[in-house]
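Reader: Please take one part of this structure and describe it closely, with attention to burial, packing and backbone angles. I should also like the reasoning behind each classification to be set out.

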Amino acid sequence: MAFSRKSTGREPKGGFLAFTRTPRRPGNLLARRGLAGRSVGGRPIGLLQRGDPSIEGELLVFGCIHGDECTASGLQPLSNGCPDPASEIFLVPNLNPDGFAATTRLNGRGVDLNRNFPSGWRAIGRRGDPQYSGPQPFSEPETRLAARIVRTLKPRVTIWFHQHSQPQPLVRAWGQSAPSAHAFARLAHLPFRRLPWPDGTAPNWQNHRFPGTSSFVVELPPGHLETDLKDRLERGLVRLARKVGED
Ligand SMILES: [Zn+2]
């Protein structure tokens, strides 16, 4: 797999997501949780950190961006029941807590967050429409927050979880992200397909804005996440994160 090295380090001490930069010490648990920001409705959006902060080559996981597709928000990438000391994984369990509270795919202002990113952005629909792209790119606090998290953590690989209407899960990616997406599909025993990014989506933006990194989508079946699939996903995340860090 080809993953490029990070060209710069993280931001200096203090500031946004400063808690993620505290070194790991003996007895310093490898599981941290911090506040990354808030939704348009003021709900907290948290960030979890699992693993060793000294490891380069981070994996970033967004468990939910469409508020009615949040079954992956409870994923816990663990190795034998513990945070994995051989990798570093960041999780944003739910980027759209307002949509989740209202059981809608949209955010609190009726915008489809995954059409609000600037790459290929175009005006789609109007407020409340299923794919309303917002008045302009990055008009929503949640998409601006996601971009800030990506710019700060500089993940080598990002995974965005969704749920589609099909009974089978699917890993989908395009272009430079296909190799790592295919690798994740193999590690988690999931089907993989090359599919282009829709306009204004988060992976579309990341793939254009950050050459050499990967950002792809995992579509899960509707409803509750069944145990066997959850186990495969959690193990797959740890294995992928190790691979990313080794490269
Ligand atoms: Zn979705």
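Author: A residue counts as exposed when its relative accessible area is over 50%, as buried when that area is under 20%, and as partly exposed in between. The model discussed here is predicted. By this rule Thr103, at 62% relative accessibility, counts as exposed. Thr103 lies in the loop between H1 and H2, and its phi is near 50°, a positive value in a residue other than glycine.

Asn116 is located in the loop between helix H1 (97–101) and helix H2 (141–153). With a relative accessible area of 0%, Asn116 is buried. Once neighbours within four places in sequence are set aside, its contacts include Val111, Trp121, Ser133, Gly134 and Gln136. Thr143 and Gly200 are also among the residues in contact with Asn116.

Thr143 leads on to H2, since it is one of the buried residues of that helix. The others include Pro141, Glu142, Leu145, Ile149 and Val150. In total, 10 of the 13 residues of H2 are buried, so this helix is largely enclosed by the rest of the structure. From its first C-alpha to its last, H2 reaches 18 Å, close to the 18 Å expected at 1.5 Å a residue. Just after H2, Lys154 takes a positive phi of about 50°.

The closest attention is given here to the packing of two helices. Helix H3 (residues 178–188) packs with helix H5 (residues 227–246) at an angle of about 135°, and their axes are 8 Å apart. Angles over 145 degrees count as roughly antiparallel and those from 65 to 115 as roughly perpendicular; H3 and H5 are therefore oblique to each other. Their crossing is right-handed. On the H3 side, the contact is made by Ser180, Ala183, Phe184, Leu187 and Ala188. On the H5 side, these residues meet Arg232, Leu233, Gly236, Leu237, Arg239, Leu240 and Lys243. The residues of this contact divide into 7 nonpolar, 2 polar and 3 charged.

Considered alone, H3 has 8 of its 11 residues buried, so it is largely enclosed by the rest of the structure. Ala178, Ala181 and Ala185 are among these buried residues, as are Phe184 and Leu187. The buried residues of H3 pack against S5, strand S6 (170–173), strand S7 (192–194), S8 and H5. H3 is followed by His189, whose phi is positive, near 55°. His189 is found in the loop between H3 and S7, and it is exposed, with a relative accessible area of 55%.

The partner helix, H5, should span 28 Å over its 20 residues at 1.5 Å a residue; its end C-alpha atoms are 29 Å apart, which agrees. Its buried residues include Leu229, Arg232, Glu234, Gly236, Val238, Ala241 and Val244. They pack against strand S3 (59–62), strand S4 (88–92), strand S5 (157–163), H3 and strand S8 (214–220).

The loop between S8 and H5 holds Pro222, which is partly exposed, with a relative accessible area of 47%. Not counting residues up to four places away in sequence, Pro222 touches Gln163, His164, Ser165 and Gln166. The C-alpha atoms of Pro222 and Cys70 are separated by 9.8 Å, although these residues are 152 residues apart along the chain.

Notes: Residues numbered from 1 in each chain as written. Predicted model: local features only at pLDDT ≥ 70, side-chain atom pairs only at ≥ 80, totals over all residues. Heavy atoms only, no water. Axes fitted to C-alpha atoms, helices over the stretch in contact; angles between N-to-C directions. Helix = DSSP H or I, 4+ residues; strand = E, 2+ residues; numbered from the N terminus. Parallel < 35°, antiparallel > 145°, perpendicular 65-115°, else oblique. Left-handed = near helix turned anticlockwise from the far one by under 90°. Contact = heavy atoms within 4.5 Å. Nonpolar A, V, L, I, M, F, W, Y, C, P; charged D, E, K, R; others polar. Expected span 1.5 Å × (residues − 1). Buried < 20%, exposed > 50% of the residue type's maximum accessible area, 1.4 Å probe, protein only.
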